[in-house]
Amino acid sequence: MSGAKRLVAIPMKDPRDAKTRLGLVLTPDQRGKLALSLFRATVARLHEAVEGLEAQVDLAVVSSSPIIHDVAETMGLSVIDDGCAPSLSLAVEAAANRALEQGYAALCVLPGDLADPDPVDLAWLLDQPVEGGRAVICPAKDLGTNALMVPLPCPFAFAYGAQSTIRHRRAAEAAGLTPVMMPLGSLRIDIDTVEDLHHLPSGHLRRPRRETAQ
C-alpha cells in the first residue's frame, strides 16, 4: 500500500430502523441492540486491523442517526452525516465526496453488520493498492458487496442492492478500472435474515423467541 491516506466508511441506519427482516424472531429493541453490537464488533476489529498498516487509515461512520453519531464518537470514529440519504448508494456517494474533500486518496466501504470479520482479512483488504487504477470488491454470500475499495474521485456510480457485486464489477470495468475480486471468508457473511443468525458468534445475542398469545 502506498503512503496515501484512505478512509474506511461504515454506513449505518438508526438502530430503531435496523434489521427489519429479522422482525419474525426479534423485537424492535432486540434488533436495535443487535445492530449496535455488530457495529461495535466491526469497529473493534478494524481498529485492530489498521494497527499494523504503514499508511494512514481513518475510520468513519456514515449516518443521519443521532444515536449512531453518539456511539461512533465514543469509539473514536469521525462522523459523516448522509443527510437522510434515501438509499445506501447515495449515502456512500456522500461519504466519497466528503473523503475527497478531506484529501483521502481512497475510500473503503464496509457494512456495520458483518457476522465475524477477521482482523487479518480486514488488514489484507486495506493493504491493497487502488491508486494505480484498481477497485477491490469483496462479495457477500448472496453476491451483494460486503467491501468495496475505490480510488478517489471514484469514476463510477455506486450501485448497492441485490447482486451489487456484479454491477460494481461491470461499472469499474466500464470506467477503466481493473476490478480485483477478494472473496475473503470472514467478510462473506452479514446478518440480514433469520437464516444468518446461526453465523453469529456467542455474545452478540441470545437466540430469542417471540411469545405467542395464549
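Let's start in a loop: leaving aside neighbours within four places in sequence, Gly161 is in contact with Gly144 and Arg167. This is a predicted model, so read every number here as computed from predicted coordinates. Gly161 is found in the loop between strand 6 and helix 5. At 39% relative accessibility, this glycine counts as partly exposed. Gly161 also has a distant partner in sequence: Ser89 is 72 residues away along the chain, yet the two C-alpha atoms are 8.5 Å apart in space.

Follow the loop forward and you reach helix 5, residues 164-174. Which of its residues are buried? They are Ser164, Thr165, His168 and Ala172. Look down the axis of helix 5 and these buried residues fall within an arc of 105°, so they line one face of the helix. The spacing makes sense if you recall that an α-helix has 3.6 residues a turn, so residues three or four places apart point the same way. The cover over the buried residues of helix 5 includes strand 5, strand 6 and strand 7. Turn to the other side of helix 5 and you find Arg170 and Ala174 exposed. After the helix comes Gly176, with a positive phi near 90°.

Go back from the loop instead and you land on strand 6, which covers residues 145-151. Seven of the seven residues in strand 6 are buried, so the strand is largely enclosed by the rest of the structure. On one flank, strand 6 pairs with strand 5 in the antiparallel sense, over four bridges. One of the pairs to look for is Pro139 with its bridge partner Thr145 in strand 6. Strand 5 and strand 6 form a hairpin with five residues between them, and Leu143 in that turn has a positive phi of about 70°. Strand 6 is also joined to strand 4 by four bridges, and these two run antiparallel as well. Here Leu107 stands opposite Val150 in strand 6.

Now zoom out to the whole sheet. Seven strands make up an open sheet in the order 3-2-1-4-6-5-7, with mixed pairing. What stands at the edges? Strand 3 (78-80) and strand 7 (178-181) do, each with a single partner strand, so one side of each is left without a neighbour in the sheet. On average, neighbouring strands of this sheet are turned by 25° against each other, direction ignored. As for what holds such an arrangement together, strands of a sheet pair through backbone hydrogen bonds, either parallel or antiparallel.

Two parallel pairings are worth a look. Strand 5 (residues 134-139) is joined to strand 7 by four bridges, the two running parallel, and Ile137 has Met181 of strand 7 as its bridge partner. Strand 1 and strand 4 also run parallel, joined by four bridges, with Val8 opposite Cys108 in strand 4.

Strand 4 is covered on both faces: Ala106 and Cys108 on one side, and Leu107 and Val109 on the other, are all buried. That two-by-two split follows a simple pattern, because in a regular strand the side chains alternate between the two faces of the sheet. Helix 4 (residues 119-126) lies across strand 1, strand 2, strand 4, strand 5 and strand 6, running at about 30° to strand 6.

What about the cysteines? The structure holds zero disulfides. Why is Cys108 unbonded? Its closest cysteine sulfur, in Cys138, is 7.4 Å away, too far for a bond. The cut-off here is 2.5 Å between the sulfur atoms. Cys108 is buried at 1% relative accessibility, and Cys138 is buried at 1% too.

One last stop lies past the sheet's edge strand: Asp196 sits in the segment after strand 7. Is Asp196 buried or exposed? Asp196 is buried, with a relative accessible area of 3%. Its side chain makes a polar contact with the side chain of Lys141, at 3.0 Å. Leaving aside neighbours within four places in sequence, Asp196 is in contact with Lys141, Asp190 and Ile191.

How values were computed: Residues are numbered from 1 along each chain as its sequence is written. This is a predicted model: local features need pLDDT of at least 70, side-chain atom pairs count only at pLDDT 80 or more; totals for chains, interfaces and linings use all residues. Side-chain values use heavy atoms; hydrogens and water are left out. Buried means under 20% relative accessible area, exposed over 50%, partly exposed in between (1.4 Å probe, protein chains only). Two strands pair if DSSP finds at least two bridges between them. Axes are lines fitted to C-alpha atoms, for helices over the stretch in contact, and angles run from 0 to 180 degrees between N-to-C directions. Contact means heavy atoms within 4.5 Å. A polar contact is a pair of N or O atoms within 3.5 Å; within protein, one must be able to donate a hydrogen and the other to accept it, and residues adjacent in sequence count only if both atoms are side-chain atoms. The arc is that of the directions from the helix axis to the C-beta atoms.
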